[in-house]
Amino acid sequence: MNQVPLFSSAGELANMVVTSNLTDVAWAKILELQRGQSALPCSVQPMVYDPTANEPNHTIVVFAPSPDSTQYTLSQGGDLVPYPKFDFLCTKGCPSVSNNRAALTPFTPLYDHLSGLKDELNKREGQLIITGQSLGGSIASLFTLFLLSSMDKESKCRPICITFGSPLIGNFGLQHSHWNSFFLHLVSDKDPLSTLFLPSGRSAPTSSHSQATAYKPFGTYLLCSELGCACFDDPDLILKFLTVASSEVAGGLQVVVDYGEILRNLKYRAICKGPRLVGERLTDPFSAGIVMELKTIGIDPAKHNIDIRRMEKQASDLTRKINKASDAKKLNDRKINMVWLERYKKKAEEGKKD
């Protein structure tokens, strides 16, 4: 029986993420690399952290350009341009994919070096975390796509890309990628860098309005505000959050958000839960859950024209697809069991004859 979901889980999924150890590990390595940047020969070169006694199963790749490099590169503009190296993302339904010029500018000179790093990482086992903040997160996302394109199903090292406050890196073509589940983007509503290329008046002069609105998010987003956090993968909702944040946040490229402090506060909230108020009574618990989670990340559904019914329908359709796939698997398992049973009966009959 296909059941419609009764409760929205975006808040609980967010709590699971912030109380996990992955985001803390990724952020700690970013800070470690940033503190030692003066000794680095190239501020954009990735740093690979091998497994340690404390983290025996984690290989971590960090992209952390220097603040000067980040400000200069991001100020050059956010034009969307095609990049032949990422043609593997093209499909029949989406024949062209464009990426952010600001992210491609430091990525392109590193391509040969990253090709060698990709081959090395493909031979490893365990959890691979690829991470970065702001521009570093954009480069980390591009490298993760590059890495996933060369991995086969038998690979023992599966990556997850965790970014902190990174600008959008591409157009709607990225949404058609079947690798969306490998990306987790943490974004604060107080971070101006994550909304840099949206049409808010802070976009670089070379970015046309049409190109700015062509940017589309992909992957799962952990959206954070002073009230809490929630996880979403609905591109339209994520874009609405970023647009609202873009119109309200103050600051420029010099503003650096401390995601370590944000994670600590969110972890405390997840453990010490207080009352969550919707502000209005809704008889449908699923609708009430969606409204609560939207208000938690600073979006008022009525004020910002959020279609709650559309979100309900998307969740219901997804649940039906999952249930349908589950039913098909159960049927297939029964067919397999029937084959084994017939073989057993045949051998039993042969045994009696002997």
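Let's start with Phe88 and what this residue touches. Leaving out residues up to four places away in sequence, Phe88 is in contact with Leu145, Phe146, Ser149 and Trp179. Please keep in mind that this is a predicted model. Take one of those partners, Phe146. Phe88 and Phe146 lie 58 residues apart in sequence. In space, their C-alpha atoms are 9.1 Å apart. Where does Phe88 sit? Phe88 is in the loop between β3, residues 80-82, and β4, residues 98-100. Is Phe88 buried or exposed? Neither: its relative accessibility is 33%, so Phe88 counts as partly exposed.

Now compare a residue from a helix. Ser138 belongs to helix α6, which covers residues 135-148. The relative accessibility of Ser138 is 1%, so this residue counts as buried. What does Ser138 touch? Again leaving out residues up to four places away, its contacts are Ala103, Ser166, Pro167 and Ile169. Hold on to Ser166, Pro167 and Ile169 from that list. They come back in a moment.

Next, the cavity. The count comes to one cavity of 30 Å³ or more. Its volume is about 70 Å³. Which residues line this largest cavity? Ser166, Pro167 and Ile169 are among them, and so is Leu168. From elsewhere in the chain come Ser141, Thr163, His185, Lys216, Pro217, Phe218 and Tyr221. By class, six lining residues are nonpolar, four are polar and one is charged.

On to the strands. Begin with β2, residues 58-63. How many of its six residues are buried? Six of the six, so β2 is largely enclosed by the rest of the structure. As a general point, side chains in a regular strand alternate between the two faces of the sheet. Here, His58, Ile60 and Val62 point one way from β2. Thr59, Val61 and Phe63 point the other way. All of these residues are buried, whichever way they point.

What pairs with β2? Take β1 to begin with, residues 47-49. β1 and β2 are antiparallel, joined over three bridges. Within that pairing, Val48 stands opposite Val61 of β2. Then there is β5, residues 126-133. β2 and β5 pair in the parallel sense, over six bridges. Two positions to look at on screen. Thr59 has Leu128 of β5 as its bridge partner. Val62 stands opposite Thr131 of β5.

Stay with β5. Six of its eight residues are buried, so β5 too is largely enclosed by the rest of the structure. Which strand does β5 meet over eight bridges? That is β6, residues 157-164, and the two run parallel. For a marker in this pairing, use Ile130, whose bridge partner in β6 is Cys161.

One link back to the cavity. Thr163 is one of its lining residues, and β6 spans residues 157-164.

Finally, the whole chain. How many helices and strands are there? The protein chain has 11 helices and nine strands. Of its 354 residues, 48% are buried. Now the contacts between residues at least 6 apart in sequence: 74% of them join residues at least 24 apart. The Phe88 and Phe146 pair, 58 residues apart in sequence, is a case to look at. Last, the surface. The accessible surface comes to about 18,600 Å², and carbon and sulfur atoms account for 55% of that.

How values were computed: Residues numbered from 1 in each chain as written. Predicted model: local features only at pLDDT ≥ 70, side-chain atom pairs only at ≥ 80, totals over all residues. Heavy atoms only, no water. Buried < 20%, exposed > 50% of the residue type's maximum accessible area, 1.4 Å probe, protein only. Helix = DSSP H or I, 4+ residues; strand = E, 2+ residues; numbered from the N terminus. Pairing = 2+ DSSP bridges. 1 Å grid on protein atoms, 1.4 Å probe; cavity = no way out; pocket = protein on both sides within 12 Å on 5 of 7 lines; lining within 4 Å. Points joined across faces, edges and corners; volume = space filled by probe spheres on them. Nonpolar A, V, L, I, M, F, W, Y, C, P; charged D, E, K, R; others polar. Contact = heavy atoms within 4.5 Å. Areas by Shrake-Rupley, 256 points an atom, 1.4 Å probe, with all protein chains shown as cover.
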